[in-house]
Amino acid sequence: MRYEEFKKLVVQAAEKAGLTDYELYYSASESTEIDTFRQEINKFSSSAEGGVCFRALVNGQMGYASTEDLSEEEAEAVVARARENAAVLESAEEQFLGEAGGEYEAFEKKDYPLPETDEMIRAALHGQELAYAADPRVTDGTSTVVMRMKETVAIFNSRGLDLSAENQAALCYIAAVVKDGEEMNDEYKLKAGPVCEWKQEELAEKAVKAALAKLGGRPAPTGSYPVVFAPDAMSALLMTFSPAFSAEAAQKGLSSLAGREGTKIASDCVTLVDDPFHKDSLMPMPFDAEGTPTHRKNVIENGTLTTLLHNLKTAKVAGVPSTGNASKSGYAGSVQISPFSFVLAPGEITEEELLAKAGNGVYIDTLNGTHAGADAISGDFSLQSLGFMIENGKKTYPVKDFTVAGNFFELLRHVEAVADNAEMESFGRTSFGSPSVLVSGLSIAGE
Amino acid sequence: MISRKLCERVLAAAASTGADYAELFAEKTFNRSVNMLDDRVQTVGDNVVAGAGIRVFKGLRSVAASTVDTSEQGLIRCALQAAQALGEGKAEISIVLKERRFGDIHPVKLVPGSESLARKAEILKSAYFAARKADDAIVQVDASLLDVDHNILVANSDGIYAEDRQIRTRLYVTAVADKGQGTQTGSAGPGARKGLEFFEEDVNPEDTGREAARQALVMAGAGYCPAGVMPVVIDNGFGGVIFHEACGHSLEASAVAYGISQFAGKLGQQIAGEKVSAVDDGTIPNAWGSINFDDEGTPSQRNVLIENGILKGYMIDKFGGRRMGMAPTGNARRQNYSFVTTSRMTNTFILAGEDENEDIISSVEYGLYAKDMGGGSVNPATGGFNFAVKEGYMIRNGKICEPVRGASLVGTGSEILMKIDMVGRNLRRAQGMCGSSSGSIPTDVGQPMIRVSSITVGGR
């Protein structure tokens, strides 16, 4: 059964059950992925998935039920289950559904035709040829992956909200594995957009070069150093600590930023922007998971925390309008809060100038295990890193098997300079981006 | 779920362009959760996952397609899509399915879907309030009771037609403590392939709550861990995540078959200290990571990975096994129908050794005692790994001293395994969710207390 048909049946079932406040959220996606090994296509996969989440107000509580089974019986069942589930809830908070009539920003969408399967296969094989040709040390495990995807989101509720949005994207990434004697290393580079913008030659060369650059790495000497975080590493930190910017976390005592709005939380050169329409976002969205219109805003402006991120519920508690940051991970689950594209604004100096400013320190371009070695509540982190030593203002030998430790909130206050080389990484609906930044005095543990 | 005859038609369509293997995986899964925060039941999650995935192989090529439409028409369409992507050709295999009954060695008494939400809320509350009331310094508690009823059907051109029902239950409590020097969290999350009887037979929910609170309180009073290279004693249970990350992932066919593993081509060679023996065992009754048969229809088995330091085996799925020229080991797993099955762990742990715990601790002059570990990750190609220490203490002159926060362990799998030089007797397993290319799946990690003679400790 299609969604439109299922929607009608759910509305009937909800009305029959006497529900007056309810909502149906739908998301569906289709993707095709081609993977390679040596000079062959070894995996092809296509997936189609999608489901709905029904929620309804029952005696002041919001009951949820979700399903991927869009059948006639299930239309009645989700309504029944949402009512049952509401019965055990004890929330003291006011519950909200989005209202109709919001003004949605028109934004420039990057529309391009998705590649056909044949074209994807050619591109995947071409990427492999380029990667292997880039250096004789390129070895097995090197792969070019080509993907295309489409996503639909729709919200319909009893308050007259009836929204839908579609996004589509294509991308190519090349993961280069290099081997020198017994030592192996890997690095990947990714480019999203129409095939003609992939510049595979450049992508392959960059991935191979980055993998080779790390060969012969040794542990960094233990100590306290100025650290330059490259765009990927700083983006990873922003992703890890983005939950601290959620007003829900703040209101529940799970964020160190609670009550800090309007105060200085970072050094002057830090401006952090949440942009739902960022040009490099894979999933630009004009409305959030509650149907509230989205907009671009500075979350930190020249070091001052201007706002936390809100949904309808937290906004009411705080007495402010929603910032349009209600989110859902997939169709199921309850409404939470997350940024769209969380981007640190670029500064005016080049990365070379930033390195010169650092003098002697450590350049970190890869942070691993952010899901384990970091505590978003306290801000403490201790993360396995890869990078290069900085000696006399220049990158020198590669370093590995060391950790960088500190506290994210202290780090924000110790950002000394921001470079002009912003890059962005997309993780589905949320993207994180940053230029290289120089931070004074972090603990490095190596040998 | 789907009749044998229909499966035959679907597989025949999938193999119609010359595949030498065709497989259908279908599921209907009920995921439920009850969550408490701020002293109240805040959310009830309730999600039905339903769909099918079809795979075909030809030599060393694999094609996978998935669909939410499990009607005959939907399945045939998905099968033809896979067939078409494989290329042009004529059918070369015939499909004859026979029903297999692998049996169920994981009996469930109280099926979570049949138990009332009120009963689940009661279990959750006893855990929640045990944590909340443990001490005034506990400022917040987040607790969830999760249950999964995962019904799967596997049919493939080797003739398998089999169904299984995997029921799992887990309680997860996170406590937040603040003693005026920043908040710290503690957590505990026992789970099993069981129904709600788990909370009558094995785990007292209050103990789980108290354990989460105890850990948060200890860490809230701890100073920062000093950084450096030192001997580390890692205790049992979730401490086994070190083996899971530093070795387990690199023994999966998905890494070994493509040469992106430091242990590829090393069967029969010494890869770990002599006291280290380790297994992957999906046949432990009612264990969190256990399966009757895997998602390709291969019966689960006990795989010896390392014996006295010598590499004995890998964890292999059908597709990886083709490139390796080795038989599958019952390790093919996927989160759900929309992920492509690959080689994964089940219950993977270091076996008990013969050292006494006291001797292990007293052998360390200056080092770290990691009583409990957090998560970690690994890059199979380089073997580089990292783990967070959730509850750590300094060891001085052979004695466990003050607690320390913010420690992490980093290194390379092949190096660290060789440095395990003491293995205790107190083997215990703990539950986790393991994420990889085929999604997030339940696995057990485990070990007795071990000593690593030297490892880089990140701190400040």
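Colleague: How do α3(A) and α4(A) lie, oblique or roughly parallel to each other?

Modeller: Keep in mind that this is a predicted model. The axes of α3, residues 117-134 of chain A, and α4, residues 200-213 of chain A, cross at roughly 45° and come within 9 Å. Angles under 35 degrees would count as roughly parallel. The angle here is therefore in the class called oblique.

Colleague: Which hand does the crossing of α3(A) and α4(A) have, left or right?

Modeller: Look at the same pair of helices in chain A. Their crossing is right-handed.

Colleague: Which residues of α4(A) make the contact with α3(A), and how do the residues of that contact divide by class?

Modeller: From α3(A) come Ala123(A), His126(A), Gly127(A), Leu130(A), Ala131(A) and Ala134(A). From α4(A) come Gln200(A), Glu201(A), Ala204(A) and Val208(A). By class, the contact divides into six nonpolar, three polar and one charged.

Colleague: At what angle do α1 and α2 of chain A pack, and what does that make them?

Modeller: Take α1, residues 3-16, and α2, residues 72-87. Their axes are 9 Å apart, and the angle is about 45°. That makes α1(A), relative to α2(A), oblique.

Colleague: Which residues of α2(A) does α1(A) meet?

Modeller: The crossing of this pair is right-handed. On the α1(A) side are Phe6(A), Leu9(A), Val10(A), Ala13(A), Ala14(A) and Lys16(A). By class, the contact has eight nonpolar, no polar and four charged residues. On the α2(A) side are Glu72(A), Glu74(A), Ala75(A), Glu76(A), Val78(A) and Val79(A).

Colleague: Now chain B. Is α1(B) oblique or roughly parallel to α2(B)?

Modeller: Helix α1 covers residues 4-14 and helix α2 covers residues 72-86. Their axes come within 7 Å and cross at roughly 25°. Angles under 35 degrees share one class. So α1(B) and α2(B) are roughly parallel.

Colleague: How many nonpolar residues are in the contact of α1(B) with α2(B)?

Modeller: The crossing is right-handed. Leu6(B), Arg9(B), Val10(B), Ala13(B) and Ala14(B) meet Glu72(B), Leu75(B), Ile76(B), Ala79(B), Leu80(B) and Ala83(B). No residue of the contact is polar, two are charged, and the number of nonpolar ones is nine.

Colleague: Which residues of chain B lose the most area to chain A?

Modeller: In contact are 68 residues of chain B and 62 residues of chain A. The two chains bury about 5000 Å² between them, 51% of it on carbon and sulfur atoms. Three residues together account for 12% of what the chain B side buries: Asp46(B), Tyr258(B) and Arg460(B).

Colleague: How many salt bridges are there across the interface, and which side chain meets Lys125(B) in a salt bridge?

Modeller: The rule finds three salt bridges across the interface of chain B and chain A. In a salt bridge with an N to O distance of 2.4 Å, the side chain of Lys125(B) meets that of Glu90(A).

Key:
Residues numbered from 1 in each chain as written. Chains lettered and ligands numbered in written order. Predicted model: local features only at pLDDT ≥ 70, side-chain atom pairs only at ≥ 80, totals over all residues. Heavy atoms only, no water. Axes fitted to C-alpha atoms, helices over the stretch in contact; angles between N-to-C directions. Helix = DSSP H or I, 4+ residues; strand = E, 2+ residues; numbered from the N terminus. Parallel < 35°, antiparallel > 145°, perpendicular 65-115°, else oblique. Left-handed = near helix turned anticlockwise from the far one by under 90°. Contact = heavy atoms within 4.5 Å. Nonpolar A, V, L, I, M, F, W, Y, C, P; charged D, E, K, R; others polar. Buried area = accessible area lost by both parts, 1.4 Å probe. Salt bridge = Lys/Arg side-chain N within 4 Å of Asp/Glu carboxyl O.
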